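Here is a short report on one protein chain. Please look over the sequence and the model before reading on.

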Amino acid sequence: MAPVYDLAQLLPHRPPFRLIDRVLDADLTAGTLTAARLITADDPLYPQPEPALPGTLVIEALCQAAACLNGLLLRAAVETRSTEPPHRGYLVALTDFRFHDVVQTGETLVLKVMREGSLGAMQAFAATASAISMNGPTGQNPRNIAGGRLLFALAAS
């Protein structure tokens, strides 16, 4: 059984702007994390009557997934007595980022991030977003929504 992660401990965001419902999987050795958000019509951030989640919120959700991964990596470093201080990340660039489709009401947005490396106080993540319809057949393939790289500047808390 996968561990349950307390998002309140990993993200400074609070509902309704916390764009992740749950962390599905995290592999700290590989530096990867998969998270999800169910998109509902009554979501306060969902623009009515538009049928799709805005791309800016997809990017923000990917950034929050990267922040969750970074928080878990920091927690692991503290548990192993690393001297790395807690810090926050600030998005400074999107590179090679493309939108392929939109997320609609009733779909689950699946967010995947992978830590690519760091250079000084900069941290890069590969990020992809896909969507799975809750009304579709079981085992369906997710639709590719967006993907690219996120670059964060890290600052001590």
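The report goes from the overall fold to the core, one buried residue and the cavity.

## Overall fold

This is a predicted model. The protein has two helices and six strands. Along the sequence, these follow the pattern α-β-β-α-β-β-β-β.

The chain holds 157 residues, and 38% of them count as buried. Its accessible surface comes to about 8700 Å². Carbon and sulfur atoms account for 56% of that surface. Contacts reach far along the chain: of those with a separation of 6 or more, 67% join residues 24 or more positions apart.

## Nonpolar core

The largest nonpolar core has 37 residues. Leu33, Leu62, Leu111 and Leu150 have the most contacts inside this core. Both helices take part: α1 (7–10) and α2 each supply at least two residues. So do the strands β1 (22–27), β2 (32–38), β4 (107–119), β5 (122–133) and β6 (143–156). Helix α2 gives the most, with twelve residues.

Take Leu33 as an example. Leaving aside residues up to four places away in sequence, Leu33 touches Val23, Asp25 and Ala26. Leu33 also touches Ala65, Cys68, Leu69 and Leu72. Its other contacts are Leu111, Lys112 and Val113.

## Ala146 in strand β6

Is Ala146 buried or exposed? Ala146 is buried, because its relative accessible area is 0% and the cut-off for buried is under 20%. This residue sits in strand β6.

What does Ala146 touch, residues up to four places away in sequence left out? The contacts are Val58, Phe97, Arg98, Phe99, His100, Ala127, Thr128 and Ala129. Thr128 is 18 residues from Ala146 in sequence. In space, their C-alpha atoms are 5.7 Å apart.

## The cavity

Rolling a probe the size of a water molecule over the atoms shows where empty space is left. A search of the whole structure finds one cavity of 30 Å³ or more. The largest cavity has a volume of about 40 Å³.

Which residues line the largest cavity? They are Leu19, Arg37, Ile39, Leu53, Leu57, Val58, Ala61 and Leu109. By class, seven lining residues are nonpolar, none is polar and one is charged. Helix α2 (residues 55–79) supplies the largest share of the lining, three residues. Val58 appears in two places here: it lines the largest cavity, and it touches Ala146.

Definitions and conventions:
Residues numbered from 1 in each chain as written. Predicted model: local features only at pLDDT ≥ 70, side-chain atom pairs only at ≥ 80, totals over all residues. Heavy atoms only, no water. 1 Å grid on protein atoms, 1.4 Å probe; cavity = no way out; pocket = protein on both sides within 12 Å on 5 of 7 lines; lining within 4 Å. Points joined across faces, edges and corners; volume = space filled by probe spheres on them. Helix = DSSP H or I, 4+ residues; strand = E, 2+ residues; numbered from the N terminus. Nonpolar A, V, L, I, M, F, W, Y, C, P; charged D, E, K, R; others polar. Buried < 20%, exposed > 50% of the residue type's maximum accessible area, 1.4 Å probe, protein only. Contact = heavy atoms within 4.5 Å. Areas by Shrake-Rupley, 256 points an atom, 1.4 Å probe, with all protein chains shown as cover. Core = buried A, V, L, I, M, F, W, Y, C linked by side-chain atoms within 4.5 Å.
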